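The exercises below are intended for a reader meeting this structure for the first time. Please inspect the sequence and the model before reading each solution.

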Amino acid sequence: MKKNDISIIILAAGKGSRMKSSKAKVLHNISGKPMLYHIIKASLEISDDISVVIAHQKEKIQEQMNSYFDDINFIIQDTKNFPGTGGAMKNIKPKNEKVLVLNGDMPLIDAQSLDGFLTTDADIIMSIFELENPDGYGRVHIKRGQVQYIVEQKDANEDELKIKSVNAGIYAFSKDVIEKYIPLLSNNNAQKEYYLTDVISMAKKDNLNIKPIVVNKEKFKGVNSKKDLSDSEIIMQNKIKEKWMTLGVSMQLPSTIYIEDSVTFKGECQIENGCRLTGETLIDNSHIKSGSVIEDSIVKNSDIGPLAHIRPASYIKDSHIGNFVEIKKSSLEGVKAGHLSYIGDAQISEGTNIGAGTITCNYDGINKYKTIIGKNVFIGSDTQIIAPITIEDDVIIAAGTTVTSGKIESGSMAINREKLKTIKGFYYKYFGKK
Ligand code: UD1
Ligand code: CA
């Protein structure tokens, strides 16, 4: 089947009450991106004709998805008059003969796992898996190998509740099936909703060919609650980390590491336990030590941490960044910042050493300002650098200095210290002798 032969409809109009959240369910993140993003991304590998059915928080959903994708059609469901997954299909006018319908709360499916739905040898292809605890899913009644009907948990009788074959929530329909049966759905059930799943029993009565396929229960997991969300996060994280380990990234205790979908690695990289790497981060030939957080930054030929925080828009190359160092929107090349510093809105060149306790004072309460530090500069410990400022090449800043003058010329030393006063015997006067 060619990419243009199938239309994909993603159902994303539900409230997701079981999430107990003010945010629409499909906008909850898995590995840094909304659930709906993941399902659209997989869908685009199969089809160019993607429609997303929305209602609850429709503006937010459109705005976010439009920031990731072009050419997604949005269809508004009339949830007041036609609630439910069948109601979501009311306004659908499929372009193609074959229509794949996906629940929008299945962030773990990938394009390969949808292969089985792309054949044309049945009127309906539906997905099932077996669960020891089928709680929350629609049960699939199968007789002599033939699917008879799907019953929702809330409508099921005692015998039906015991059925362990569940409806995974992905279906391929021929266009005729949608056009014929969606208008016939009724809401005569426990939830007073129009169930898409009722198409199955109607089609069965008309002797249509319904083909069940058994799918992977991890990949087809539906997310209804915060617990489901965190279970799905673990599955997605394992997938992301396994991929990078296969490509040669070393990870120590990978179950303690969080890496978003958008992070990439190059060369030989080592990630220690407890690290969090997010956004458009690139780690190139570097060692990220325990407990470090890196957000939307590039780290090349460097070692970071333990316990360092690299915030967005930083570029770190050939550098050593040690514990308790926070870097934001700064470029450091060939720099050593070993301990306890804040470097924000700075540009620092090679050979420069940043002493413990150095702070770039980049913010005056209204605006942010830049700090530029040249090559081979030695910044002593406990230094405050008041931006905007340029420290030229080959400068010494003495420990404890507050650097204020806007520019320190090449070759000089900056120092501002009070002469030390020693008051003999003061200790004993104050505390007395012990
Ligand atoms: C649905 C199936 C159930 C199946 C399960 C698999 C129905 C009636 N039940 O139940 O058989 O086992 O998925 O995960 O289809 N949605 C809309 N409009 C609505 C209601 C829901 O677009 O009016 C969307 C939701 O945003 C969601 C998807 O449809 O993405 C599924 O809805 P949900 O309420 O989660 O259905 P389940 O109860 O999980
Ligand atoms: Ca669901």
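Three exercises with worked solutions follow. This is a predicted model, in which local features need pLDDT of at least 70 and side-chain atom pairs count only at pLDDT 80 or more, while totals for chains, interfaces and linings use all residues. Residues are numbered from 1 along each chain as its sequence is written, chains are lettered from A and ligands numbered from 1 in the order in which they are written, and side-chain values use heavy atoms, with hydrogens and water left out.

**Exercise 1.** Describe the largest pocket by its volume and its lining.

*Solution.* Step 1: the space in the largest pocket comes to about 1400 Å³. A pocket is an open set of points on a 1 Å grid over the protein atoms alone, where a 1.4 Å probe fits, with protein on both sides within 12 Å along at least five of seven lines; lining residues have an atom within 4 Å of a point. Step 2: 42 residues line the largest pocket, and R18, K25, T85, D105 and N224 lie nearest its centre. Step 3: this lining divides into 12 nonpolar, 20 polar and 10 charged residues. Step 4: strand 10 (residues 165–174) gives the most to the lining, with four residues; strands are DSSP runs of E with at least two residues, and helices are runs of H or I with at least four.

**Exercise 2.** Determine where the second largest pocket lies with respect to the domains, and place K239.

*Solution.* Step 1: about 390 Å³ of space lies in the second largest pocket. Step 2: among its 18 lining residues, K41, D110, M236, K239 and D261 are nearest the centre. Step 3: helix 6 gives the most to this lining, with five residues. Step 4: because domain 1 (3–214) and domain 2 (226–414) both give residues to the lining, the second largest pocket lies between them. Step 5: K239 belongs to helix 6 (residues 226–246). With 43% relative accessibility, K239 counts as partly exposed, a class between buried (under 20%) and exposed (over 50%), with a 1.4 Å probe and protein chains only.

**Exercise 3.** Which residues come nearest to ligand 1, and what polar atoms face its oxygen atoms?

*Solution.* Step 1: there are 22 residues around ligand 1 (a heavy atom within 4 Å). Step 2: L11, G84, T85, E152 and N167 come nearest. Step 3: a side-chain N or O atom of T85 is 2.7 Å from an oxygen atom of ligand 1. Step 4: for a polar backbone atom of G14, the distance to an oxygen atom of ligand 1 is 2.9 Å.

Notes
Points joined across faces, edges and corners; volume = space filled by probe spheres on them. Nonpolar A, V, L, I, M, F, W, Y, C, P; charged D, E, K, R; others polar. Domains from an automatic or database assignment. Polar contact = N/O pair within 3.5 Å; in protein donor to acceptor, adjacent residues only side chain to side chain.
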